[in-house]
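I opened this notebook to keep track of what I looked up, entry by entry, for a reader who is new to the structure.

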Amino acid sequence: MKPLWKRPGLYISIVTGILTALFIYELYKLSLLPAAILAGIIITVLLMWILSAICLIKEDLHLAWRIVGGLLAVCLALASAGGMYYANTGNKALEELSDQEGKSIVAVYVLNNHVIEDVKDLEGRKIGVQKTMSAQGTDVCIEELKKSGVNITTEEFDSSYRMTQALKGQAIDGMILDQGYLDTLLEMPGMENLDEEIVPVVQYYYDAPKTNTAETVDTAMEPFTVYISGIDTRENKLLRNSRSDVNLLATVNPQSHEILLISIPRDYYVETVCEPDMGCMNGAMDKLTHTGLHGPETTEMTLEKLFDTSINYNVRVNFSSLVDVVDELGGVDLYNPEAFTGGGYNYPQGNITLDGQKALAFVRERYAFTDGDRARGRNQMRVLTAIINKMMSPKILTNFTGIMNSLSSSFETNMSEKDIKALVQAQLADPAKWTIYSYSVTGSGGTDYAAELGDNAYVMYPDQTTVDNAKADIKAVLSGEPAPFVNPQ
């Protein structure tokens, strides 16, 4: 027998065995494959490794067998290394999806007139603070200023709109505000150019409070409902305290393979529901979009009361970064019922294919339609449906790493890794076609007091008939029956 150092086949077998073991570990850790498929892959790679090891280690075998063993070892090593990369990418993406950091940005805003240009220039200045805003961001900002040796005096306001008016009129020198409130102010009279008139002289990230509202179920077997909060920020950030520009409920029945998507206008005038530690005004009437300023859980609880149903999970989607998801999927196909122009693109009536940029412009456009925000909500459901259909096709396997990476930067959820994996496993084990229903609740426009804004604003009063129809749809899908009220396709 040759000395060990003269037996390269042994070392090749050991290295290949280590790579194979690591691949099996990462694949098992990923836990996306059904047990039968996972067992088949493990048995196959182990048999390949055993055969290659025998061919490489046994010295009395013919040269042809040793060549076969070498080729098997090379193929197995490459396949294991590639498999480890794919599985590890999937694991990291799932961890990020389920890991809600809860970051928000609070800043001191001043007039863009070059009088105050540095944090030190705030010394002794009068700074406005908002009573209705969660105190945590304000406290963090003031504490950080003190650490920098800057002392300010504060003046309280019960309205962010009036506080901003005071800043523009130079009654105060600056104001402390969460970044999420800026888009709300931009829609108010006289504030259309606010993002050019004021600038943040200093800003801080902080951990915003959050409440775990997840009601775990066996997602492979039991029906459940998910609140989807769409945030359309240009900075591609999923900040904790952000308006809910897009509001969808998705009721999923894994047994009947049905999904119901319900679109709720962002201006819906609703009663805010939240826990005391969420920082919002429980029981106050406000626009639905404003409830997102205290995290998706506040909007989730508000919708639970509106529709008299239990919501198991929430998902936050950054629609701006949805571009990457659609492009990684190779585009999405959908039916567009009405020709329109938006975002520099023309969308003809009929079946169309959208890349990432066209999909983003498609879900953003509302001014091209007579029913504005409601039409936009229906288009958002069409794109979401197209994404779901594409992800449930073999296409997801052709670019798994790119899709998972784009998902991790665009989505976050309080659904656990275990629940996500159980749902994917069930789909792979039974890839039956899903029936996807959609329905939009509607209402009538008016002007009313928006508690979070501390002033009057445009609102939409709910049409109770459509709300009742949505309730009936939810109950039907939860029971495995067809939704009785759906949007025309």
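**Entry 1: salt bridges**

I began with charged pairs, and I found that the structure, which is a predicted model, holds 16 salt bridges. I kept in mind that side chains of opposite charge can pair when their charged atoms come close.

The pair I looked up at the start of the list was Arg162 with Asp455, whose closest N and O atoms are 3.7 Å apart. I noted that this pair links distant parts of the chain, since Arg162 sits in helix H5 (residues 160-168) and Asp455 in strand S19 (residues 455-462), 293 residues apart. Are the two partners buried or exposed, or something in between? Arg162 has a relative accessible area of 39% and is therefore partly exposed, whereas Asp455, with a relative accessible area of 15%, is buried.

I then turned to Asp245, which forms a salt bridge with Arg266, with 3.5 Å between the closest N and O atoms. Here too the pair links distant parts of the chain: Asp245 is in the loop between strand S6 (224-231) and strand S7 (246-253), Arg266 is in the loop between strand S8 (258-263) and strand S9 (269-271), and the two are 21 residues apart. I wrote down Asp245 as buried because its relative accessibility is 14%, and Arg266 as buried because its relative accessible area is 4%.

Next on my list was Lys305, which forms a salt bridge with Glu271, and there the closest N and O atoms are 3.0 Å apart. This pair also links distant parts of the chain, with Lys305 in helix H9 (residues 296-307) and Glu271 in strand S9, 34 residues apart. Glu271 is partly exposed, because its relative accessible area is 32%. Which residues are joined into one network by salt bridges that share partners? I found Glu187, Arg243, Asp245 and Arg266 in that network.

**Entry 2: the contact of two helices**

I wanted to describe a pair of helices, and I recalled that two packed helices are described by the angle between their axes and the distance between the axes. For helix H11 (residues 356-364) and helix H12 (residues 372-391), the axes come within 7 Å and cross at roughly 145°. On the H11 side I listed Ala359, Phe362, Val363 and Arg364, which meet Arg376, Asn379, Gln380 and Val383 in H12. The residues of this contact of H11 with H12 divide into 4 nonpolar, 2 polar and 2 charged.

**Entry 3: Ala386**

I stayed with helix H12, where Ala386 is found. Is Ala386 buried or exposed? Its relative accessibility is 7%, so Ala386 counts as buried. Leaving aside residues up to four places away in sequence, I found that Ala386 touches Val332, Asp333 and Leu334. I also looked up its separation from Ser13, which lies 373 residues apart from Ala386 along the chain, and the C-alpha atoms of the two are separated by 46 Å.

**Entry 4: a patch on the surface**

I looked next for a nonpolar patch on the surface, and I found one of about 370 Å² made by Tyr11, Ile14, Ile18 and Leu22. Ile18 is found in helix H1 (residues 8-30), and it counts as partly exposed because its relative accessibility is 49%, which falls short of the over 50% that exposed requires.

**Entry 5: backbone angles**

I checked phi values with the reminder that most residues other than glycine have a negative phi. Gln170 has a phi near 65°, a positive value in a residue other than glycine, and it lies in the loop between H5 and strand S4 (174-178). Gln170 is exposed, because its relative accessible area is 59%. Asp308 is not a glycine either, yet its phi is positive at about 50°; it lies in the loop between H9 and strand S11 (313-318). Asp308 is exposed, because its relative accessible area is 56%.

**Entry 6: the whole chain**

I closed with totals. The chain has 16 helices and 19 strands, and of its 489 residues 53% count as buried. Its C-alpha atoms fill a box of roughly 95 × 60 × 45 Å along the principal axes. Among contacts between residues at least 6 apart in sequence, I noted that 72% join residues at least 24 apart.

How values were computed. Residues numbered from 1 in each chain as written. Predicted model: local features only at pLDDT ≥ 70, side-chain atom pairs only at ≥ 80, totals over all residues. Heavy atoms only, no water. Patch = residues over 30% accessible without salt bridge, like charges linked within 9 Å, V, L, I, M, F, W, Y side chains within 5 Å. Areas by Shrake-Rupley, 256 points an atom, 1.4 Å probe, with all protein chains shown as cover. Salt bridge = Lys/Arg side-chain N within 4 Å of Asp/Glu carboxyl O. Helix = DSSP H or I, 4+ residues; strand = E, 2+ residues; numbered from the N terminus. Buried < 20%, exposed > 50% of the residue type's maximum accessible area, 1.4 Å probe, protein only. Axes fitted to C-alpha atoms, helices over the stretch in contact; angles between N-to-C directions. Contact = heavy atoms within 4.5 Å. Nonpolar A, V, L, I, M, F, W, Y, C, P; charged D, E, K, R; others polar.
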